[in-house]
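Student: I've just opened this one and don't know my way around yet. Could we go through it together?

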Amino acid sequence: MEEQNLIPQLFRTEYKKIVAVLCRYFGIHRIDWAEDIASDTFLEAAQSWPFHGLPSNPQAWLYAVAKNKAINASRREQLFQQKIRPDLAEQAVSTEPDLSDMHIRDSQLQMMFVLSDPRIPSESQAALALRLLCGFGISEIAHAYLAKKETIEKRLYRAKEKLREEDIRIEWPAEKKTGGRLHSVLT
């Protein structure tokens, strides 16, 4: 594979995995952190690889950089909570994200069930899944929906806000709720 095509190809395959694991690590309410860290990881690759050469295992390099960025973000948050907002009772994340194959698959599947929560409108569920789990760009999603880019951006923003407002957690839904979400997950 040509070097110039490698990063876009890896973005298509690895971005969604990194986002899913980081959402599970930080919590769905910090979905923006997960997306930012995943994007920063690819930006660092695009800036570093042309000058330092391709790493022997680009996928492992991306995972290592994403893991380090997540740890740094977690430490910054922890420092913020301890020094700046000591009265805030939030518990800071203290473990490292697990980017093993099995954990990636579990995280992605759990994200599919989270994004299929009935509190999120169905058109937003699919758009979020396309963006977060499939790695599609906003323009690509807008083209698929035959909608304006701004419409999709608003739809994604409102869906993410709903995830935060409702404090939806990344966890397996209760068995009785799984059946109701299964159709959305399969869609």
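Student: At what angle do H5 and helix H7 pack?

Tutor: Keep in mind that this is a predicted model. H5 covers residues 122-133, and H7 covers residues 149-165. Their axes lie 9 Å apart, and the packing angle is about 95°.

Student: Are H5 and H7 parallel or perpendicular to each other?

Tutor: Angles of 65 to 115 degrees count as roughly perpendicular. The angle here is about 95°, so H5 and H7 are roughly perpendicular.

Student: Which residues in H7 are met by H5?

Tutor: On the H5 side, look for Glu123, Ser124, Ala127, Leu128 and Arg131. By class, the residues of this contact divide into five nonpolar, one polar and four charged. The partners in H7 are Arg155, Leu156, Ala159, Lys160 and Leu163.

Student: Arg131 is in that group. Why does Arg131 have no salt bridge, and how far away is the nearest side chain of opposite charge?

Tutor: Arg131 sits in helix H5 and is buried. Among the residues it touches are Tyr15, Glu35, Phe136 and Leu156. A salt bridge needs a side-chain nitrogen of Lys or Arg within 4 Å of a carboxyl oxygen of Asp or Glu. Arg131 has none because the nearest side chain of opposite charge, Glu35, is away by 4.1 Å.

Student: Glu35 makes me curious about H2. Are H2 and H7 perpendicular or oblique to each other?

Tutor: Helix H2 (residues 31-52) has an axis that comes within 10 Å of the H7 axis, and the two cross at roughly 125°. The contact is made by Ile31, Asp32 and Glu35 of H2 with Lys160, Leu163 and Arg164 of H7. By class, that contact has two nonpolar, no polar and four charged residues. Given the crossing angle, H2 and H7 are therefore oblique.

Student: Let's try a loop. Which residues does Glu96 touch, leaving out those up to four places away in sequence?

Tutor: Glu96 is in the loop between helix H3 (58-84) and helix H4 (101-115). Its C-alpha atom is separated by 8.8 Å from that of Asn68, and the two residues are 28 apart along the chain. The residues Glu96 touches are Tyr25, Lys67 and Ile71.

Student: Now the whole protein: how many helices and strands does it have?

Tutor: Read along the sequence, the pattern is α-α-α-α-α-α-α-α. Of its 187 residues, 39% are buried. Among contacts between residues at least 6 apart in sequence, 70% join residues at least 24 apart. The secondary structure comes to eight helices and zero strands.

Key: Residues numbered from 1 in each chain as written. Predicted model: local features only at pLDDT ≥ 70, side-chain atom pairs only at ≥ 80, totals over all residues. Heavy atoms only, no water. Helix = DSSP H or I, 4+ residues; strand = E, 2+ residues; numbered from the N terminus. Buried < 20%, exposed > 50% of the residue type's maximum accessible area, 1.4 Å probe, protein only. Lys, Arg positive; Asp, Glu negative; His and termini not counted. Contact = heavy atoms within 4.5 Å. Axes fitted to C-alpha atoms, helices over the stretch in contact; angles between N-to-C directions. Parallel < 35°, antiparallel > 145°, perpendicular 65-115°, else oblique. Nonpolar A, V, L, I, M, F, W, Y, C, P; charged D, E, K, R; others polar.
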